[in-house]
Structures are given as C-alpha cells and as structure tokens.
Amino acid sequence: METMASLEKEMVENLLPQKFPFVMVDAMYSYTETSLISGLKIQQDNIFVNNNIFLEAGLIEHMAQSVALHTGYQYFLRNEIAPTGYIGSIKEIEIKKLPQLNDNIQSEVTILQEFAGITLVNIVTKLNNEEIANGQMKTVLAK
C-alpha cells in the first residue's frame, strides 16, 4: 500500500512517543509500507544545537525518530495505538557533514527486514539533496 501522505509538525508529533523538547522530526513527506521520507528544520531551541551546529547525537536521534514515525504512521493507518519502540542496535553510522541552524534535513528510511517486532532499516539523511549521513539501525517494539 503506497500513501503519498504529507504530514505537518502537529500530526507528526502526535505519532511519535517523544515529546518537546526531544522531538527531532517535524515533517513527513512520503510513506509506503517499506519506506518513509521525514524532515526536520533545525531550530535555535533544539537541544542538540550548539554554536549553530546540529550535533551528531541530534542527527542520530533524528534518524531513529524517523523510523519511529514510520511505525507510528503504520499503526495510525490501522486505527491502532503504536507500541513504544527502542533502538536495538546501530550499525555503521557515517556522518559526513553536520547541518546548521535553519537548515532543513530529510531522511529516507528503507525497511530491509521486519519480523516479530524487530525491524532492520537503512537510513540516508540529506541536506539540499547532498547525503550528509547514512547507516543501519535495528529497532525493537516493546511487548
């Protein structure tokens, strides 16, 4: 099932378990059962901004929350409450460049494998169509 949904900040925040000031995704540009493109505008009040630079920890958290958004939206479409998920492992994260204040980043999540509440994903984050980070994560849903 392919859905070319575009969600604004308020709806995105309702689909994530994280709450302000720890929300690192503010837009969803597209969704399919096996992929999602999310976004974040780097704001001054973001807890991962230091000297106008969005830190590595923020970039990794944005990537992880993009996976959580995919899960949250999947459950929303089924009219179910999404369970809490956790990062099971992070594999080979490569950060090539850090975004700055007021930059808009986009992450594309691709589901590689999903079984028994464990999901393996590939994530590529871009700034102005330039890849700035990539990696793989395994997430686990709470029972």
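N134 lies in strand β9, which covers residues 130-141, in a model that is predicted. With a relative accessible area of 16%, N134 is buried, because a residue under 20% is counted in that class. The side chain of N134 joins that of E131 in a polar contact of 2.6 Å. The points below start from this residue and then turn to helix α2, its aromatic rings, the salt bridges, and some loop residues.

**Around N134 and strand β9**

- Apart from neighbours within four places in sequence, N134 is in contact with M63, E92, I93, E94, K96, I123 and V124.
- E131, the partner of N134 in the polar contact, also meets K96 in a salt bridge with an N to O distance of 2.9 Å.
- This salt bridge links distant parts of the chain: E131 belongs to strand β9, while K96 sits in the loop between β6 and β7 (104-115), 35 residues apart.
- E131 is partly exposed, at 28% relative accessibility, and K96 is likewise partly exposed, at 47%.
- K96 therefore appears twice in this region, as a contact of N134 and as the salt-bridge partner of E131.

**Salt bridges**

- How many salt bridges does the structure hold? There are three, and the pair of E131 and K96 described above is one of them.
- Another is formed by K97 and E130, whose closest N and O atoms are 3.6 Å apart.
- Because K97 lies in the loop between β6 and β7 and E130 in strand β9, this pair ties together parts that are 33 residues apart in sequence.
- K97 is partly exposed, with a relative accessible area of 37%, and E130 is partly exposed as well, at 39%.
- A further salt bridge joins the side chains of R78 and E80, at 3.8 Å from N to O.
- R78 is partly exposed, with a relative accessible area of 42%, and E80 is also partly exposed, at 42%.
- R78 has another arrangement to note: it lies over the face of Y75, at 4.3 Å from the ring centre.

**Helix α2**

- Helix α2 comprises 22 residues, numbered 56-77.
- At 1.5 Å a residue, the helix should span 32 Å, and its end C-alpha atoms are 32 Å apart, which agrees with that expectation.
- Is α2 largely enclosed or largely open? Of its 22 residues, 16 are buried, so the helix is largely enclosed by the rest of the structure.
- The helix is followed by N79, whose phi is positive, near 60 degrees.

**Aromatic rings**

- The structure has two aromatic pairs.
- Y31 and Y73 form an edge-to-face pair, with 4.8 Å from centre to centre and 75 degrees between the planes.
- This pair links distant parts of the chain, as Y31 is in strand β2 and Y73 is in helix α2, 42 residues apart.
- Y31 is buried, at 1% relative accessibility, and Y73 is buried too, with a relative accessible area of 6%.
- The rings of Y73 and F76 have centres 5.8 Å apart and planes at 25 degrees, so this pair is stacked.
- Y73 and F76 both lie in helix α2, three residues apart, which is about one turn of the helix.
- An α-helix has 3.6 residues a turn, so residues three or four places apart point the same way.
- F76 is partly exposed, with a relative accessible area of 40%.
- Ring pairs thus link Y31, Y73 and F76 into a cluster.

**Loop residues**

- Most residues other than glycine have a negative phi.
- N52, which is not a glycine, has a positive phi of about 65 degrees, and is found in the loop between β4 (49-50) and β5 (53-54).
- N52 is partly exposed, at 40% relative accessibility.
- N79 is also a residue other than glycine with a positive phi, and lies in the loop between α2 and β6 (85-95).
- N79 counts as exposed, at 76% relative accessibility.
- M24 lies in the loop between α1 (9-15) and β2 (27-32). Is M24 buried or exposed? At 0% relative accessibility, M24 counts as buried.
- Leaving aside neighbours within four places in sequence, M24 is in contact with several residues, including L40, F48, F54, G58 and H62.
- The C-alpha atoms of M24 and K91 are separated by 20 Å, and the two residues are 67 residues apart along the chain.

Technical notes. Residues are numbered from 1 along each chain as its sequence is written. This is a predicted model: local features need pLDDT of at least 70, side-chain atom pairs count only at pLDDT 80 or more; totals for chains, interfaces and linings use all residues. Side-chain values use heavy atoms; hydrogens and water are left out. Helices (H or I, at least four residues) and strands (E, at least two) are DSSP runs, numbered from the N terminus. The expected span of a helix is 1.5 Å times one less than its number of residues. Buried means under 20% relative accessible area, exposed over 50%, partly exposed in between (1.4 Å probe, protein chains only). A polar contact is a pair of N or O atoms within 3.5 Å; within protein, one must be able to donate a hydrogen and the other to accept it, and residues adjacent in sequence count only if both atoms are side-chain atoms. Contact means heavy atoms within 4.5 Å. Rings of Phe, Tyr and Trp (its six-membered ring) pair if their centres lie within 6.5 Å; planes under 30 degrees apart count as stacked, over 60 as edge-to-face and the rest as tilted. A charge sits over a ring if NZ of Lys or CZ of Arg is within 6 Å of the ring centre and within 35 degrees of the ring normal. A salt bridge is a side-chain nitrogen of Lys or Arg within 4 Å of a carboxyl oxygen of Asp or Glu.
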